[in-house]
Amino acid sequence: MVKFYIDGKEVVAKKGETILQVARREGIYIPTMCYLSKVKPIESCRLCVVEVEGVDGFVLSCQTPPTPDAKVRTNSAALYEHRQNIMKLYDVNHPLECGVCDKSGECDLQNKTLEFAVNSQEFTAKDQHRPIKDWNYIQYDPSLCILCEKCVHVCNEVIGDDAIDIFYGGYKSHIVPKNAETLDCTFCGECIAVCPVGALISRDFKYTSNAWELRQIPAACAHCSAACHLYYDVKHGSIADPTPKIYRVKNEFEFETLCGAGRFGFDFENRAKKDEKAFEAALSAFKKADTIKFTSFITNEEALILQKMKEKFGYKLINEEARNYQKFLQNFAEYSGKMLYDVDLKGIEDSEFVILMGSMIATDNPAVRYAVTVAHKRHRAEIINIHPIEDDLLKPIVTKFIKHEVGSEEAILAMLVDALFDDEAKKKLGKKWLEEFDIGYLSAESSVGEEEIEDIVARIARKKRLHATKFTLILGEDLYAHPRAENIARLAGLIDRFTDFEVMIIPPKTNTLGVALICDLDEQEGEYTIGYNTKGDFTLSALGDGDLDMPALNQQEGTFTNIDKRVVPTNVALPYEGYVLNDIARALGVSDKEYTIEFTKELPQEKGYKEVEFDDLPNEFLNDGTEHRGYVLENKKVNISRKSVEPVAELPEFNGTVIYRCEPVLQFSPFTNKAHQLREVGKLYASETFMKDLGLEEGDKVNIQKDDITINTMVTLDDKIGSGAYIGTFDPTLESEKLFDGYRFSEVTITKV
């Protein structure tokens, strides 16, 4: 801790903090143009300079740590003149098109030109021809670019795409695609968010609205379990259709990062009105039904309503993916001694050693990918990725990739346990486990050599010699429906309990964790099923394709329980005039609430929830980046099981053609695919080697068969995977989920049509 003074105010810097960071935390304004809190200091704008007593010249506050008792001044005549001259240089030949520029009204250049009273220009420079570039969802106008480098740094240090760079040529300098003539990236659009001017914009949003006409609705992204904070920018539609519409999505880019689905997949609303006849049919169906089948694209409050329906009428609640996760979490808890995992996204960012297992995180949960990228870039973290399919999107950050045979996940985790546990910890595995543990067999059948496990141990030891203290094991959806999921979860619990590794268990869908904690889920459905956002004998659907319409998640108030175990609020972005689940619950005598959010304070406290009204939940970031959003669940202690873990089972064999269940980049579900910018037809996405082995070419039509199920689709090349093939479930017309029995890998027969 270092005590010093800013403009006469006594302040304290924590270890590693710069003058600028302390000033922001203390609410002291220092102007910046290139600074972005989530990347390393860029140092290109020179606006953040300050004066320090006893030091000649100006000091860059963005990169300079304070010294004890230093006296820092953020404003003076000399500083003002320096900053004014910088703004004059920025304004040289900058096009005067504020009236039509998308950034007008929220432009840093515009604001600081006025702040420093740049009303005359002493500098000149020869103008250059700078053609506009269209990069899919993104448009780049070099004539508006001020080369602050924010976009380049966020793409490299946070996203991990490393897709853009600066072409240096003096006044001809501009942003260019790094490794291709066209932009080769995941199109997260974070470069648009961080751009301080109108150089990088959304092509879809261009010329549609002025910033000051839009109403910002704070919400949580509805597409994956990160539930990232975002704003829906809303105003009325056209004269022909004045219904309010979402024009774009924005984020608190200093502290939060959005993926492309969150940024561009916003208009998945369900335009519907009250259909009394359909509502009466729904009530009749509920009186007849014995099962409610649903997905995790619901709020905590809706999950609680379903649980109350179960308690009153005895319905079976079916949600296979949440049930698998629930069982995995319960087994983990019995062997770790705590109800939930401890790691959050910030914890991953701070990690110095990360092992990824059982997930294609680039598409399963981009927020985890970004956190792992930050860990590698900021702390030089070792990143070990263990998976049957190599993901090229992770290549820039993965320091070791271990390819294993499909189905051998239990064996690999067991080998890690054997390598990481000391003798005392191994006693907890049980005598039978130790006696039957055969590393030679497991290594041979999994295709993971003993030397690879030894190399991981050596890397861990090397990190410890460098005083590393933060080790993280990230587990994904491949493991939750694995035939040996219960034992895998127990081994993970023991790793969390007896090693330096803390474990994260990624929830597969938006509110999987909330559903798993709130609902008592069943395994077998009954004779008559109500489906909620999934097919049933009677279907409630926010996609507009069921027997009774329901609101989409951008039309609801409520909360999600996200990957950080944080209960985060989301708000209504667009109106919905139809019936909601609470209307059905009221008609059936289950609810006495007028509004769904009245259930927020009734979420189960024994699961870590708090008795807090929805309207009392905060939803913001503080100046220093502290997330002040909802609240974090209390991680309660659990009685540790006295049972020994089971010995590793004989490894299954997958000898034929195997495909993987995984969504392509920018898709998560039928809701993302409903958005007008992200619509895509479901296909079989294959690597070059997979296509060559089966004699397939781009665009070929194939039949994919498993037992008596046949899916007809097209093959397309995905050059971002090193081997294998995958198929998504985002396109409901494909019905590809029928090819899988929970586990994400499936042995199929593929024939060219």
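**Notebook: strands, a helix, rings and charges**

I began with strand S22, where the bridge partner of glycine 531 is threonine 539. I note at the outset that the model is a predicted one, and I read every entry below with that in mind.

**Around strand S21**

I looked up how S21 and strand S22 (residues 538–541) run relative to each other, and they pair in the parallel sense over three bridges. I then turned to strand S14 (residues 291–294), which four bridges join to S21, again in a parallel run. In that pairing I found threonine 291 opposite threonine 529 of S21. For the side chains of strand S21 (residues 529–532), I wrote down that Thr529 and Gly531 point one way while Ile530 and Tyr532 point the other way, and that all of them are buried.

**A three-stranded sheet**

I next followed an open sheet of three strands, whose order is S6-S7-S10 and whose pairing is antiparallel. Its edge strands are strand S6 (133–135) and strand S10 (200–202), each of which pairs on one side only. From one strand to the next I have the twist down as 25° on average. S6 pairs with strand S7 (residues 138–140) over three bridges in the antiparallel sense, and within S7 I located glutamine 139 opposite aspartate 134.

**Helix H9**

I checked the length of helix H9 (residues 320–336), which has 17 residues and reaches 24 Å from its first C-alpha to its last, close to the 24 Å expected at 1.5 Å a residue. I also asked how much of H9 is covered, and found that it mostly is, since 13 of its 17 residues are buried. Just after H9 comes glycine 337, whose phi is positive, near 90°.

**Aromatic rings**

I counted ring pairs and arrived at 21 aromatic pairs. For phenylalanine 286 and tyrosine 315 I have ring centres 6.1 Å apart and planes at 75°, so I entered the pair as edge-to-face, the cut-off being over 60 degrees. Phenylalanine 286 belongs to helix H7 (residues 276–288) and tyrosine 315 to the loop between helix H8 (300–313) and strand S15 (316–318), so this pair ties together parts that are 29 residues apart in sequence. With buried meaning under 20% relative accessible area, phenylalanine 286 counts as buried at 2% relative accessibility, and tyrosine 315 counts as buried at 3%.

I then compared the entry for tyrosine 743 and phenylalanine 745, whose ring centres are 5.6 Å apart with planes at 50°, so that pair is tilted. Tyrosine 743 and phenylalanine 745 are both buried. Ring pairs also link Phe654, Tyr660, Tyr743 and Phe745 into a cluster.

I looked for charges over rings as well, and noted that the charged end of lysine 274 sits over the ring of tyrosine 579, 5.2 Å from its centre. Lysine 593, in turn, lies over the face of phenylalanine 599, at 4.9 Å from the ring centre.

**Salt bridges**

I have 56 salt bridges for the structure. One of them joins aspartate 69 to lysine 3, with the closest N and O atoms 3.9 Å apart. This pair links distant parts of the chain, for aspartate 69 is in the loop between strand S4 (59–60) and strand S5 (71–73), whereas lysine 3 is in strand S1 (residues 2–6), 66 residues apart. Aspartate 69 is partly exposed, with a relative accessible area of 41%, and lysine 3 counts as partly exposed at 35% relative accessibility.

I followed with aspartate 161 and arginine 369, whose side chains meet in a salt bridge at 2.7 Å, N to O. Aspartate 161 lies in the loop between helix H4 (150–159) and strand S8 (164–167), and arginine 369 in helix H12 (residues 366–379), so the pair ties together parts that are 208 residues apart in sequence. Here I found aspartate 161 and arginine 369 both buried.

For lysine 464 and aspartate 500 I have a salt bridge whose closest N and O atoms are 2.4 Å apart. The pair links lysine 464 of helix H17 (residues 450–465) with aspartate 500 of the loop between helix H18 (485–498) and strand S20 (501–505), 36 residues apart. Lysine 464 is partly exposed, at a relative accessible area of 41%, and aspartate 500 likewise counts as partly exposed, at 42%.

My last entry is a network of salt bridges, in which Asp364, Glu477, Asp478, Arg661 and Arg744 are linked.

Technical notes. Residues numbered from 1 in each chain as written. Predicted model: local features only at pLDDT ≥ 70, side-chain atom pairs only at ≥ 80, totals over all residues. Heavy atoms only, no water. Helix = DSSP H or I, 4+ residues; strand = E, 2+ residues; numbered from the N terminus. Expected span 1.5 Å × (residues − 1). Buried < 20%, exposed > 50% of the residue type's maximum accessible area, 1.4 Å probe, protein only. Phe/Tyr/Trp six-rings, centres within 6.5 Å; stacked < 30°, edge-to-face > 60°. Lys NZ or Arg CZ within 6 Å of the ring centre and 35° of its normal. Pairing = 2+ DSSP bridges. Axes fitted to C-alpha atoms, helices over the stretch in contact; angles between N-to-C directions. Salt bridge = Lys/Arg side-chain N within 4 Å of Asp/Glu carboxyl O.
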